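Thanks for coming. I have one structure to go through today, and I will keep to what can be read from the coordinates.

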Amino acid sequence: MICRWNCSKNKIRAVSGMAVLSMVGLLCGCAGQTAMQTETEAADGLISVAFSEVGAESDWRVANSESMRTTFTTEKGYEFYFEDAKGKQENQITTLRNYILQGVDYIVLDPVIETGWDEVLAEAKEAGIPVIVVDRMIDVEDDSLYTAWVGSDFNKEGEMAVEWLEEYLNEQGRSEEAITILHVIGTQGSSAQLGRTAGLEEGVAERENWEIIAQVEGEFTQAKAYEEVSEILGQNQEIDVIYCENDDSAFGAIQALEEAGLTYGTDGDVIIISFDATEAGLTACMEGSINLDVECNPMHGPRVEAIIGQLEAGETPEKNHYVEEAYFTPDMLTEELIASRGY
Ligand code: GZL
């Protein structure tokens with residue numbers, strides 16, 4: 001089913017793509033054209049932008065989807081299509097094929113994992129549809145299969161967290177102490193997981209007194225992180241740091257620590273490191289529950305719109321667009337600053 005986001009009425013007008021294709025195609029006898037192409041072309045000159053989103057697994061993801069929806073509105077000259085893949089690559093590939101069948105003007109892909117895109121992106125290229133990748137990166141043989149990418153430097157995010165942790169421990173006089181780290185990783189194979197994990201593992205390899213005592217799959221969700229951290233705490237409570245690859249999994253780890261009667265954050269025993277810097281994450285950081293929250297900005301709608309603007313003007317956009325990001329500690333945060341950030 002293909003959902004078209006009718007922004008003027010702010011509701012999804014769910015169009016069963018295949019049913020419409022067969023029904024209208026038969027009725028109008030559009031030789032060689034699909035009904036959806038007819039419908040797309042008849043959209044009063046609107047630029048059709050079709051987004052394949054990973055899912056709705058985290059606060060970050062919800063903000064990312066909203067940024068796209070509020071950018072590509074009918075009032076601004078767009079016909080916006082949106083599909084949530086519920087975290088499954090096969091759903092994204094089906095969605096991309098439907099978008100190609102529709103003959104949309106642009107495809108925007110946030111790839112759940114980095115690999116497995118060559119075939120379907122070759123079909124988009126064959127159809128003459130530019131693909132803009134956002135947030136997570138893809139690993140393809142031929143990088144002409146996508147027009148541009150905009151997102152974060154996830155390895156740098158991990159490095160920022162490691163540098164902060166070293167400084168924090170030094171300030172506590174613990175630079176020589178044996179430090180045990182529980183690593184709660186995100187969705188396996190996603191760029192965010194690969195980069196943040198590499199940042200931590202490289203940092204640990206350079207410091208012989210740091211040890212990762214376990215790596216568990218938090219899948220970027222609170223529920224899974226809670227489940228995995230609870231199981232670890234049942235076996236070992238000698239943990240100095242929990243490195244969570246997003247805010248939602250940090251909340252799951254905190255929930256497990258509280259149930260185990262362990263203290264955490266600025267006034268507790270366990271140091272909590274998180275990523276995303278969502279409103280909820282920064283609020284927890286301001287309150288001292290999270291010691292460090294590394295920013296990962298989801299507001300890619302305007303950045304994608306700028307790339308499409310260049311393409312519409314016949315210009316060639318840069319291939320890769322990295323978003324500038326920082327990190328936050330409790331002393332840096334106020335309610336006003338958090339409210340001003342928009343997600
Ligand atoms: C990062 C993004 C990740 C977030 C998670 O750019 O891909 O996916 O860090 C989200 O919160 O689920």
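Let me start with a question: which residues does Arg-136 touch, not counting residues up to four places away in sequence? Before the answer, a caveat: this is a predicted model. Now the list. Arg-136 touches Val-54, Glu-57, Arg-61, Asp-110, Pro-111, Val-112, Trp-149, Phe-154, Thr-187, Ser-190, Ser-191 and Phe-220. The residue sits in the loop between β6 and β7. Its relative accessible area is 3%, and the cut-off for buried is under 20%, so Arg-136 counts as buried. One distance to go with that: from Arg-136 to Ser-152 the C-alpha separation is 7.8 Å, with their positions 16 residues apart in sequence.

Now the overall picture. The protein has twelve helices and 14 strands. There are 343 residues, and 54% of them count as buried. If you take the contacts with a separation of 6 or more, 70% come from residues 24 or more positions apart. The exposed surface is about 14700 Å², and carbon and sulfur atoms supply 49% of that.

Back to the loop between β6 (131-135) and β7 (148-151), where Ser-144 is also found. Is Ser-144 buried or exposed, or something in between? Its relative accessibility is 35%, so Ser-144 counts as partly exposed. Setting aside neighbours within four places in sequence, Ser-144 contacts Lys-125 and Lys-319. Its C-alpha atom is separated by 9.2 Å from that of Ala-122, and those two residues are 22 apart along the chain.

Next, helix pairs. In general, two packed helices are described by the angle between their axes and the distance between the axes. I have three pairs to show.

The first pair is α6 and α7. The axes of α6, residues 154-171, and α7 come within 7 Å and cross at roughly 35°. The crossing of α6 past α7 is right-handed. On the α6 side the contact has Phe-154, Asn-155, Glu-157, Gly-158, Glu-159 and Val-162. These meet Ser-191, Ala-192, Gly-195, Arg-196, Ala-198, Gly-199, Leu-200, Glu-202 and Gly-203 in α7. By class, that contact has five nonpolar, six polar and four charged residues. Two names here have come up already: Phe-154 and Ser-191 are among the residues that Arg-136 touches.

Staying with this part of the chain, Arg-207 lies in the loop between α7 (191-205) and β9 (210-217). Beyond residues up to four places away in sequence, Arg-207 touches Val-162 and Glu-166. Its relative accessible area is 12%, so Arg-207 is buried.

The second pair is α8, residues 222-233, and α9, residues 247-259. Their axes come within 7 Å and cross at roughly 40°. The two helices are therefore oblique to each other. α8 passes α9 in a right-handed crossing. From α8, the contact uses Gln-222, Ala-225, Tyr-226, Val-229, Ser-230 and Leu-233. From α9, it uses Asp-248, Ser-249, Phe-251, Gly-252, Ala-253, Gln-255, Ala-256, Leu-257 and Glu-259. Sorted by class, there are eight nonpolar, five polar and two charged residues in the contact of α8 with α9.

The third pair is α3, residues 59-71, and α11, residues 301-312. Here the axes come within 8 Å, with a crossing angle of roughly 45°. That angle makes α3 oblique to α11. Ser-67, Met-68 and Thr-71 of α3 make the contact with Gly-301, Pro-302, Val-304 and Glu-305 of α11. The class split is three nonpolar, three polar and one charged.

Last item, backbone angles. Most residues other than glycine have a negative phi. Where does this model have a positive value in a residue other than glycine? Lys-86 is one of the places, with phi near 55°. Lys-86 lies in the loop between β4 (78-84) and α4 (89-102). At 64% relative accessibility, Lys-86 counts as exposed.

Glu-219 is another, with phi also near 55°. Glu-219 lies in the loop between β9 and α8. Its relative accessible area is 34%, so Glu-219 is partly exposed.

That is what I have. Questions are welcome.

Notes. Residues are numbered from 1 along each chain as its sequence is written. This is a predicted model: local features need pLDDT of at least 70, side-chain atom pairs count only at pLDDT 80 or more; totals for chains, interfaces and linings use all residues. Side-chain values use heavy atoms; hydrogens and water are left out. Axes are lines fitted to C-alpha atoms, for helices over the stretch in contact, and angles run from 0 to 180 degrees between N-to-C directions. Helices (H or I, at least four residues) and strands (E, at least two) are DSSP runs, numbered from the N terminus. Angles under 35 degrees count as roughly parallel, over 145 as roughly antiparallel, 65 to 115 as roughly perpendicular and the rest as oblique. A crossing is left-handed if the near helix is turned anticlockwise from the far one by less than a right angle, and right-handed if clockwise. Contact means heavy atoms within 4.5 Å. Ala, Val, Leu, Ile, Met, Phe, Trp, Tyr, Cys and Pro count as nonpolar, Asp, Glu, Lys and Arg as charged, and the others, Gly among them, as polar. Buried means under 20% relative accessible area, exposed over 50%, partly exposed in between (1.4 Å probe, protein chains only). Accessible areas come from the Shrake-Rupley method with a 1.4 Å probe; for residues, only the protein chains shown count as cover.
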